[in-house]
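This report describes selected helices, sheets and contacts in one structure. The sequence and structure are shown first.

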Amino acid sequence: MGPPPSPWKGGAGDAWSLAEGWVFLNPGSFGLRLRSVQAHRQKLLEQMEAQPVAFLERVAPSLHEDAVATLSGFIGADAAGIGFVSNATEGVAAVLSSLGLSPGDTVLLGDQAYGAVVAACNWVTRGGVRRVPVSAPVARASDITDAWTAALRDRPTLAIVDHVTSGTAIVQPARDIAQACRAAGVPVLVDGAHAPGMIELEVDEVGADWYAGNLHKWVGAPSGAGFLWTAPPHRDTTRPVALSHDVADGYQAAFRWQGTRDVTPWLTVPHAIGEVRDRWGWPELRAWQRAMATWAGAYAAAELGTCTADASGGAMTAAMTSVALPDSASSAFEDRFALRDAIAARHRVEVAIDELCGRWWMRMSFGGWNTPEDVYAAVAAMQSCLARPDAVAAPV
Ligand SMILES: Cc1ncc(COP(=O)(O)O)c(C=O)c1O
């Protein structure tokens with residue numbers, strides 16, 4: 001199978017704010033912004049700083065309302081349940097604090113759950129994290145649901161399910177797992193840090209109690225744009241981490257004002273959604289990212305003599321792919337970050353390296369600026385670093 005042809009006539013690379021000279025295969029970590037989105041945000045920022053009272057008290061409220069309405073349509077979530085937060089981390093923290101989790105409570109998370117979320121849950125429960133054994137490679141979505149169904153029998157206080165896993169880049173059957181949680185009587189928070197923009201999302205249909213998401217990763221909004229959606233039964237008791245004037249005035253009011261802060265990332269969300277829609281189309285961008293990730297995973301796995309975390313042939317892949325690294329990787333480098341930084345320093349290639357299920361993985365994630373040459377360069381860079389782990393290059 002060859003790489004998918006680029007649907008962008010004349011290339012799309014210049015539209016993004018990427019520095020020249022990089023093979024950038026890691027928007028999965030912190031996203032990447034369109035230049036026009038950055039410019040729009042900058043204009044709002046200047047307006048805010050030019051007359052903060054006028055902006056925050058008289059201009060921002062209607063822009064905020066517009067941002068919630070646009071996001072509601074984009075992610076398929078009813079607007080009354082949407083509260084903006086800075087990022088998925090803050091959305092998860094809002095649920096943990098609203099539930100008042102404390103020592104003695106337990107939180108069930110997948111084996112591949114994001115480390116920061118695991119750490120936060122372990123902190124509030126003082127070691128109450130329980131894990132669902134889901135190993136990678138994984139061949140069937142139903143294997144993941146079955147593992148969750150079995151683990152739920154221990155009746156944790158809360159379940160947190162990644163919609164798309166970070167390190168292994170697996171699109172998980174969040175809806176089926178949420179259903180299993182409901183059947184077990186366990187409240188469920190879906191951690192959708194990667195899902196908005198990457199997959200076609202219908203939050204209302206997932207059937208979770210809470211859904212936390214990022215808009216800076218795959219929607220291309222500025223850093224600082226995330227949301228927490230809450231199902232109707234929990235809206236009276238779920239609040240943001242920062243409690244302010246309107247905390248007692250309902251869910252939306254409590255999220256609307258969380259103290260003085262830079263609200264421009266939230267207000268830029270309609271622009272970010274509209275830019276991709278008008279330039280390329282969301283379904284088209286998603287389809288191309290998925291085709292690239294599926295092809296790149298198969299290519300890299302063949303070249304490295306390993307496998308992809310998604311062993312279904314691509315049914316659980318969207319815009320990212322994780323490829324197992326040969327065992328020599330972990331013996332040649334002090335830790336995974338040393339390997340990541342060596343590839344960046346020597347080859348100016350940015351990929352993510354993760355350690356999960358007892359091995360190291362190279363995750364490549366794709367945006368509209370990427371080309372098949374980026375994948376060839378990344379695989380060649382990895383092969384070169386593994387062959388000569390001691391070669392030195394200046395840090396980048
Ligand atoms: C599954 C998952 N949850 C949570 C996060 C945290 O996201 P943020 O740092 O934007 O809060 C990430 C970040 O990559 C993630 O992949």
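## A pair of crossing helices

In this predicted model, helix H14 (residues 336–347) packs against helix H15 (residues 372–387) at an angle of about 110 degrees, and their axes are 10 Å apart. Angles of 65 to 115 degrees count as roughly perpendicular, so H14 is roughly perpendicular to H15. The crossing of H14 past H15 is right-handed.

On the H14 side, the contact is made by Leu339, Ala342, Ile343, Arg346 and His347. H15 contributes Ala377, Ala381, Met382 and Cys385. By residue type, the contact of H14 with H15 divides into 7 nonpolar residues, 1 polar and 1 charged.

## The three-stranded sheet

Strands of a sheet pair through backbone hydrogen bonds, either parallel or antiparallel. One open sheet here has 3 strands in the order S9-S12-S11, and its pairing is antiparallel. Strand S9 (320–324) and strand S11 (352–356) are at the edges; each has a single partner strand, so one side of each is left without a neighbour in the sheet. On average, neighbouring strands of this sheet are turned by 30 degrees against each other, direction ignored. Helix H12 (residues 282–304) packs on the sheet, where H12 touches S9 and S12. The direction of H12 makes about 10 degrees with that of S9.

Strand S12 (residues 359–365) pairs with S11 in the antiparallel sense over 5 bridges. Within this pairing, Glu355 has Trp360 of S12 as its bridge partner, and Leu356 stands opposite Arg359 in S12. S11 and S12 form a hairpin with 2 residues between them. In the turn, Cys357 has a positive phi of about 50 degrees. S9 also runs antiparallel to S12, and 5 bridges join these two strands. Val323 stands opposite Met362 in S12. Of the 7 residues of S12, 6 are buried, so S12 is largely enclosed by the rest of the structure.

## The seven-stranded sheet

A second open sheet is formed by 7 strands in the order S2-S8-S7-S6-S5-S3-S4, with mixed pairing. Its edges are strand S2 (82–85) and strand S4 (129–132); each has a single partner strand, so one side of each is left without a neighbour in the sheet. The average turn between neighbouring strands of this sheet is 20 degrees, direction ignored.

Strand S7 (residues 210–214) and strand S8 (residues 226–230) pair in the antiparallel sense over 5 bridges. Trp210 has Thr230 in S8 as its bridge partner. Helix H5 (residues 115–125) lies across four strands of the model: strand S3 (107–110), S4, strand S5 (158–162) and strand S6 (188–192). H5 runs at about 165 degrees to S3.

## The surroundings of Trp266

Trp266 is found in helix H10 (residues 264–267). Is Trp266 buried or exposed? A residue counts as buried if 20 or more other C-beta atoms lie within 10 Å of its own; Trp266 has 28 within 10 Å, so Trp266 is buried.

Leaving aside neighbours within four places in sequence, Trp266 is in contact with His64, Ala67, Phe84 and Ala225. The C-alpha atoms of Trp266 and Arg41 are separated by 9.4 Å, while these two residues are 225 residues apart along the chain.

Technical notes:
Residues are numbered from 1 along each chain as its sequence is written. This is a predicted model: local features need pLDDT of at least 70, side-chain atom pairs count only at pLDDT 80 or more; totals for chains, interfaces and linings use all residues. Two strands pair if DSSP finds at least two bridges between them. Axes are lines fitted to C-alpha atoms, for helices over the stretch in contact, and angles run from 0 to 180 degrees between N-to-C directions. Two residues are in contact if their C-beta atoms, placed from the backbone, lie within 7 Å. A residue is buried if 20 or more other C-beta atoms lie within 10 Å of its own, exposed if 12 or fewer, and partly exposed in between; C-beta atoms are placed from the backbone. Angles under 35 degrees count as roughly parallel, over 145 as roughly antiparallel, 65 to 115 as roughly perpendicular and the rest as oblique. A crossing is left-handed if the near helix is turned anticlockwise from the far one by less than a right angle, and right-handed if clockwise. Ala, Val, Leu, Ile, Met, Phe, Trp, Tyr, Cys and Pro count as nonpolar, Asp, Glu, Lys and Arg as charged, and the others, Gly among them, as polar.
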